[in-house]
Every structure is written in C-alpha cells, then in structure tokens.
Amino acid sequence: MTVCVCEKTSQHAASPALVEGRERIGRGVYFSMHYNKAKTRITNQFLKRRDLASGDLSVWRLGEPYGAQVEDVAAILEESGPGGSELSHIYYAGAENIRFVEAASVNADQSLCIKDDCTSGPDGECHPAHATIGLADVDGVDWDPDGTAFREVYESLALLFRKSVAWTKIGPDQPLPRLPK
Ligand SMILES: [Zn+2]
C-alpha cells in the first residue's frame with residue numbers, strides 16, 4: 001500500500017520501475033566519518049538529517065528485481081565517497097519496512113517515501129538503481145526537522161537500517177561491525 005502521491009509517478013527517465021515494497025534498499029556507511037570519536041562504533045550520522053528533511057537521502061536498490069548487485073554499489077560508493085573516508089558498510093532494509101517505519105507521534109499510515117530518482121551525484125551522475133528517501137506528504141503531519149515527529153522517524157529509520165548489513169569491508173584497520181541491540 002502506498003499513500004504518498006510522490007511515489008505514484010516515476011521521478012527519472014532512467015528508472016526501471018517505481019520502487020516496490022519487496023525491494024531491498026541500501027545505504028552506505030563511511031569510516032571514520034560516520035563513527036564515534038573512538039572509531040569503534042557507527043553512529044546515526046550515516047543518515048544525513050538534512051538530506052532526509054529535504055527528501056534527498058541517497059540510497060540504492062539492491063539485487064532483484066530492479067536493483068544493482070551490492071558489489072557494484074559498493075564500488076560506486078567507494079569511488080564517490082567523501083575525501084579521507086572509506087566505505088565500511090552497506091546497511092539495508094526492506095522498502096515496505098522503510099515506508100511504514102514506526103513513529104509514535106505520527107498519526108498516518110506512511111512516514112517515508114522511496115522515490116526512483118536516479119540522480120546519484122552532484123554533477124548529474126545517474127544510475128538506474130539509485131533512489132532517494134524523503135518524508136511522506138501526509139495531512140496533518142508537521143515534519144519540522146527540530147520536532148518530535150521528524151526525530152522519531154529519523155531514529156526509527158536508523159535503527160531499521162542498522163539491523164541488516166548487505167556488505168562490509170573488514171581489513172586490518174577496520175573495526176568489526178557491532179550488532180544492533
Ligand atoms: Zn512522498
């Protein structure tokens with residue numbers, strides 16, 4: 001079930017299809033940018049608040065039926081990552097679970113949208129497996145980035161992603177991933 005209107009039409013000519021609920025959606029984590037100061041633990045900063053608030057949180061469609069192989073996504077993320085940081089993980093979650101992520105104060109069926117926006121970089125880069133997550137346009141919900149509803153959705157989404165690792169790079173300088181509580 002999809003509620004928000006932005007998911008009813010394709011957002012990009014290169015998109016293979018609208019994002020279906022059964023798809024897996026991946027998000028990259030970089031070392032040490034997204035780690036705590038001791039570099040032992042991944043923080044929620046792997047989800048950019050500002051990008052979620054503006055509807056441009058960059059994610060990837062993984063595997064069948066419309067996504068890319070996780071190794072290929074990892075290669076793209078390694079190449080395009082922030083300077084001085086190295087890709088350490090790709091978390092993933094089911095599209096359906098993302099859309100209907102829990103937020104106690106949100107009195108609506110859907111909190112988040114996953115849009116088939118293939119624009120994958122600031123210089124017009126494009127990939128058919130790229131997508132973006134944004135806040136659903138739901139009547140009566142105030143998505144003020146400093147408000148309770150936004151915080152709840154942000155934290156629920158972070159927790160959801162942290163449950164599942166699609167790809168990880170473990171080397172001599174890399175800490176082992178911590179399992180979520
Ligand atoms: Zn929407």
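Two strands are taken to pair if DSSP finds at least two bridges between them, and with that in mind you can begin this tour of a predicted model by selecting S58 in β2, whose bridge partner in β5 is T132. Widen the selection to strand β5 (residues 130–135) and to β2, and you will have two strands that pair in the antiparallel sense over four bridges.

Stay with β2 (57–62) for a moment, since this strand is mostly covered, with five of its six residues buried. Then add β1, which runs antiparallel to β2 and is joined to it by three bridges; here R24 stands opposite L62 in β2.

Next, show the whole sheet, which is open and has six strands in the order β4-β5-β2-β1-β3-β6, with antiparallel pairing. At the edges stand β4 (112–115) and β6, each with a single partner strand, so one side of each is left without a neighbour in the sheet. Direction ignored, neighbouring strands of this sheet are turned by 35 degrees against each other on average. To look at β6 more closely, select I90 and W167, which stand opposite each other where β3 and β6 pair over three bridges.

Now turn to helix α2 (residues 70–80), where the buried residues are V73, A74 and L77. Seen down the axis of α2, these fall within an arc of 100 degrees, so they line one face of the helix. The face turned away from that buried side carries the exposed residues E71 and E79. The helix α2 packs on the sheet, touching β1, β2, β3 and β6, and its direction makes about 135 degrees with that of β3.

Finally, select helix α4 (residues 148–162), which lies across β1, β3 and β4 and runs at about 105 degrees to β3.

Methods
Residues are numbered from 1 along each chain as its sequence is written. This is a predicted model: local features need pLDDT of at least 70, side-chain atom pairs count only at pLDDT 80 or more; totals for chains, interfaces and linings use all residues. A residue is buried if 20 or more other C-beta atoms lie within 10 Å of its own, exposed if 12 or fewer, and partly exposed in between; C-beta atoms are placed from the backbone. The arc is that of the directions from the helix axis to the C-beta atoms. Two residues are in contact if their C-beta atoms, placed from the backbone, lie within 7 Å. Axes are lines fitted to C-alpha atoms, for helices over the stretch in contact, and angles run from 0 to 180 degrees between N-to-C directions.
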